[in-house]
Amino acid sequence: MAQLDWQKSSFSGDDSNCVEIRTGDGLVELRESDDGDTVLHTTPAAFASLLRTIKADRLDHPF
C-alpha cells in the first residue's frame, strides 16, 4: 500500500487516543493511534457496512 497519511475524526480534537483511518490500493486501513503497529485491513464495502451499523445503533442489539 502506498504510504498515505493517517486521518482521525475531527471529533477527536487534540486527544491522541483515537481511531485513525487511511485508504489506498482498494483497501481501508484502521488503527488505534496509541498502537500504530496493529493495523486492520478491510474493503470499502465492509467498512461502509460497519459505519451504517454504528450509525443505526445496532451493535448492542440482535440483528
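Strand E3 (residues 27-32) and strand E4 (residues 35-42) run antiparallel and are joined by five bridges. Helices (H or I, at least four residues) and strands (E, at least two) are DSSP runs, numbered from the N terminus, and two strands are taken to pair if DSSP finds at least two bridges between them. The model is a predicted one, in which local features need pLDDT of at least 70 and side-chain atom pairs count only at pLDDT 80 or more, while totals for chains, interfaces and linings use all residues. Residues are numbered from 1 along each chain as its sequence is written, and side-chain values use heavy atoms, with hydrogens and water left out.

Two residues separate E3 from E4, and the two strands form a hairpin. Across this pairing, Arg31 stands opposite Val39 in E4, and Val28 has Thr42 in E4 as its bridge partner. The hairpin belongs to an open sheet of four strands in the order E1-E2-E3-E4, with antiparallel pairing. Strand E1 (7-8) and E4 are the edge strands, each pairing on one side only. In general, the strands of a sheet pair through backbone hydrogen bonds, either parallel or antiparallel. The protein has four strands and one helix, and its elements follow the order β-β-β-β-α from the N terminus on.

Two salt bridges are present in the structure, a salt bridge being a side-chain nitrogen of Lys or Arg within 4 Å of a carboxyl oxygen of Asp or Glu. One of them joins the side chains of Arg31 and Glu20, at 2.6 Å from N to O. This pair links distant parts of the chain, with Arg31 in E3 and Glu20 in strand E2 (residues 19-24), eleven residues apart. Glu20 counts as buried, at 14% relative accessibility; buried means under 20% relative accessible area, exposed over 50%, and partly exposed in between (1.4 Å probe, protein chains only). A salt bridge is also formed by Arg22 with Glu29, whose closest N and O atoms are 2.6 Å apart. Arg22 is buried, with a relative accessible area of 12%, and Glu29 is likewise buried, at 4%.

The residues of both salt bridges are also in contact with Trp6, which lies in the segment before E1. Not counting residues up to four places away in sequence, Trp6 touches Glu20, Ile21, Arg22, Glu29, Leu30, Arg31 and Val39, where contact means heavy atoms within 4.5 Å. Trp6 and Thr23 are 17 residues apart in sequence, and their C-alpha atoms are 8.6 Å apart in space. Among the contacts in the protein with a separation of 6 or more, 10% are accounted for by residues 24 or more positions apart.

Buried residues make up 17% of the 63 residues in the protein. The protein exposes about 4900 Å², of which carbon and sulfur atoms supply 52%; accessible areas come from the Shrake-Rupley method with a 1.4 Å probe, and for residues only the protein chains shown count as cover. On the surface, Leu50, Leu51, Ile54 and Leu59 form a nonpolar patch with about 340 Å² of accessible area together. Patches are made of residues with over 30% relative accessible area and no salt bridge, like charges being joined within 9 Å and nonpolar side chains (Val, Leu, Ile, Met, Phe, Trp, Tyr) within 5 Å. Within this patch, Leu50 lies in helix H1 (residues 44-55) and counts as partly exposed, at 38% relative accessibility.
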